[in-house]
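Here are some exercises to work through with the model open beside you. Try each task before you read its solution.

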Amino acid sequence: LRTVDRGGSVSAPVAGVPAVQARGQGGLLDVALDPRFADNRVIYISYAEPGEGGTAGTAVARGRLGEGGLEDARVIYRQQPKVAGSNHFGSRLVFARDGSLFVTQGDRYAYRDKAQDLSVGLGKIVRIHPDGTVPADNPFVGRAGAQPEIWSYGHRNIQAATLHPETGQL
């Protein structure tokens, strides 16, 4: 992660960014500014997070962009399970008008059949609060065998997302 000033100068790598698996379609996937960035300097990053034995999964971390880099960075979401392979991580970050955060995730290619399985995060859009907690009105909250952060499922590899300018729908 680097910053670019208005004159086009590119910084050295920003310190404090979590470990990223930069293989295949993995790497740093998206960066989103907190809706109150001008006041709090908080940013969110989605990235391919390395796991044990060569596995990886989409993850989201947040931290404050300070003079020394990304400060107080912490992971607020991890796609589960982490699986082998370097394809189909997704991922876009979109803040809803209510302040919740949508995270798009790929099906991890070889695991595409899991996109229909509500017990895993592969091939899902999740909706979380900026601190990583789950909104109580998510569609699968309280459903046995389903991850409560899931907003929608059955996706291949969403790499673009935005809110409709009039309705605010994802």
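**Exercise 1: a glutamine in a loop**

The side chain of Gln79 reaches the backbone oxygen of Gly121 at 3.3 Å, a polar contact (a pair of N or O atoms within 3.5 Å; within protein, one must be able to donate a hydrogen and the other to accept it, and residues adjacent in sequence count only if both atoms are side-chain atoms). Before going on, note that this is a predicted model, where local features need pLDDT of at least 70 and side-chain atom pairs count only at pLDDT 80 or more, while totals for chains, interfaces and linings use all residues. Residues are numbered from 1 along each chain as its sequence is written, and side-chain values use heavy atoms, with hydrogens and water left out.

Task: where is Gln79 found, and is Gln79 buried or exposed?

Step 1. Look in the loop between strand S4 (69–78) and strand S5 (90–95); strands are DSSP runs of E, at least two residues, and helices are runs of H or I, at least four, numbered from the N terminus.

Step 2. Gln79 counts as buried because its relative accessibility is 1%; buried means under 20% relative accessible area, exposed over 50%, and partly exposed in between (1.4 Å probe, protein chains only).

Step 3. Now list the neighbours, leaving out residues up to four places away in sequence: Gln79 touches Gly57, Thr58, Gln105, Gly106, Arg108, Gly121, Leu122 and Gly123. Contact here means heavy atoms within 4.5 Å.

Step 4. While you're in the loop between S4 and S5, find Pro81. The peptide bond from Gln80 to Pro81 is cis, with omega near 0°.

**Exercise 2: two positive phi angles**

Task: which is buried and which is partly exposed, Arg108 or Tyr109?

Step 1. Go to the loop between S6 and S7, where you'll find Arg108 and Tyr109.

Step 2. Check the backbone: Arg108 has a positive phi of about 65° although it is not a glycine, and Tyr109 has a positive phi of about 65° too, again without being a glycine.

Step 3. Arg108 is buried, at a relative accessible area of 2%, whereas Tyr109 is partly exposed, at 41%.

**Exercise 3: the core**

Task: which strands each supply at least two residues of the largest nonpolar core?

Step 1. Pick out the twelve residues: Ala32, Val42, Tyr44, Val60, Ile76, Tyr77, Leu93, Phe95, Leu101, Val103, Val126 and Ile128. A nonpolar core is a set of buried Ala, Val, Leu, Ile, Met, Phe, Trp, Tyr and Cys residues joined through side-chain atoms within 4.5 Å.

Step 2. Strand S2 (42–50), S4, S5, strand S6 (101–105) and strand S7 (124–128) each give this core at least two residues.

Step 3. Another core, of nine residues, lies apart from it, with Val14, Phe37, Ile43 and Ala61 among them.

**Exercise 4: a segment and a loop**

Task: is Gln21 buried or exposed, and is Arg36 buried or exposed?

Step 1. Gln21 is found in the segment before S1, and Arg36 lies in the loop between strand S1 (28–33) and helix H1 (37–40).

Step 2. Gln21 is buried, with a relative accessible area of 9%, whereas Arg36 is exposed, with 56%.

Step 3. Finish with a distance: the C-alpha atoms of Arg36 and Ala12 are separated by 25 Å, and the two residues are 24 residues apart along the chain.
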